Amino acid sequence: MTNPPAADATSREIAAILLEVGAVSINAANPFTYASGARSPIYCDNRVLMSYPVQRRRVIALWAGLLDRQTGAGNFDVLAGVATSGIPFCAWLAEALDKPMVYVRDTPKAHGTGQQVEGALRPGQRAVVVEDLVTTGRSALAAVAGLRAAGAVTGQCSAIFTYESPAGVAAFAAAGVALHTLSCVSVLLAVATETRRISTADATTVRAWLSEFYGRS
């Protein structure tokens, strides 16, 4: 239940913006170390977009139009940001679409009311989960579970970028959630190669690493 990124022009424009602001770094010679300890030739940090208002506004404008089309002309009641990286994008998107928003913690808080979903969420409301980046989908799907436990109807997730993980595709399908993304790693590598931000050899290295990584996941 994953849908391909936006029309090619939009997907390529998003990829170009992410490369332009430095949200995506590719270094096959000196791989990055993830929090898990895994070493990767590609590192994505879409939070960098927060610091670039012109590019940020363009991403939100494209995202708002795409989300409206993908979900059936605004066929949802509330946007739900995944803590923490999805929260600012969810806020800008909610403003652009004139929709209510909530955000979802990874687990219920251990104090106060013990809520996992913050904001005014009514049972039966149709919620779209908003995430900045999808790898395996664990964070987004944990948010889906939290929303459903709170009484929301949740069957869609929207994100800026996906690594196109087969395990992630399977996880979203198993949860009954449609994933919509603006761009993806295959398009990003194509744009990065065409614009000579990376060499063809480096792009091949990244693709090989992704294949190996997803084979282990």
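Contact here means heavy atoms within 4.5 Å of each other. In this predicted model, that cut-off gives Ser158 quite a list of neighbours: leaving out residues up to four places away in sequence, Ser158 touches Trp63, Leu67, Val128, Val129, Val130, Glu131 and His180. Ser158 sits in strand 9. Because its relative accessibility is 0%, Ser158 counts as buried, the cut-off for that label being under 20%.

Two of those neighbours, Trp63 and Leu67, turn up again where helix 2 meets helix 3. A pair of packed helices is described by the angle between the axes and the distance between them. Here the axes of helix 2 (residues 53–70) and helix 3 come within 9 Å and cross at roughly 60°, and the crossing is right-handed. On the helix 2 side, the residues involved are Arg56, Ile60, Trp63, Ala64 and Leu67; facing them from helix 3 are Phe89, Trp92, Leu93, Ala96 and Leu97.

Helix 3 (residues 86–97) also has a part in the sheet connections: together with strand 5 and strand 6, it makes a right-handed β-α-β unit. Strand 5 (residues 78–82) and strand 6 pair up in the parallel sense, with 4 bridges, and within that pairing Val82 has Val104 as its bridge partner. Strand 6 pairs with strand 7 (residues 117–118) too, this time antiparallel and through 2 bridges. There, Tyr103 stands opposite Glu118.

How do the side chains of strand 6 (residues 101–104) alternate? In a regular strand, side chains take turns between the two faces of the sheet. Strand 6 does just that: Val102 and Val104 point to one face and are buried, whereas Met101 and Tyr103 point to the other face and are not buried. So Val104, the bridge partner of Val82, is on the buried face, while Tyr103, opposite Glu118, is on the other.Helix 4 (residues 138–149) packs against several of these elements. Its 12 residues reach 16 Å from first C-alpha to last, close to the 16 Å expected at 1.5 Å a residue. The buried residues of helix 4 are Ala140, Leu141, Ala143, Val144, Gly146 and Leu147. An α-helix has 3.6 residues a turn, so residues three or four places apart point the same way. The buried residues of helix 4 pack against strand 5, strand 6, strand 7, strand 8 (126–134), strand 9 (153–162) and helix 5 (166–175). Just past the end of helix 4, Gly151 takes a positive phi of about 100°.

Terms used. Residues numbered from 1 in each chain as written. Predicted model: local features only at pLDDT ≥ 70, side-chain atom pairs only at ≥ 80, totals over all residues. Heavy atoms only, no water. Buried < 20%, exposed > 50% of the residue type's maximum accessible area, 1.4 Å probe, protein only. Pairing = 2+ DSSP bridges. Right-handed = clockwise from strand over helix to strand, strands pointing away. Expected span 1.5 Å × (residues − 1). Axes fitted to C-alpha atoms, helices over the stretch in contact; angles between N-to-C directions. Left-handed = near helix turned anticlockwise from the far one by under 90°.
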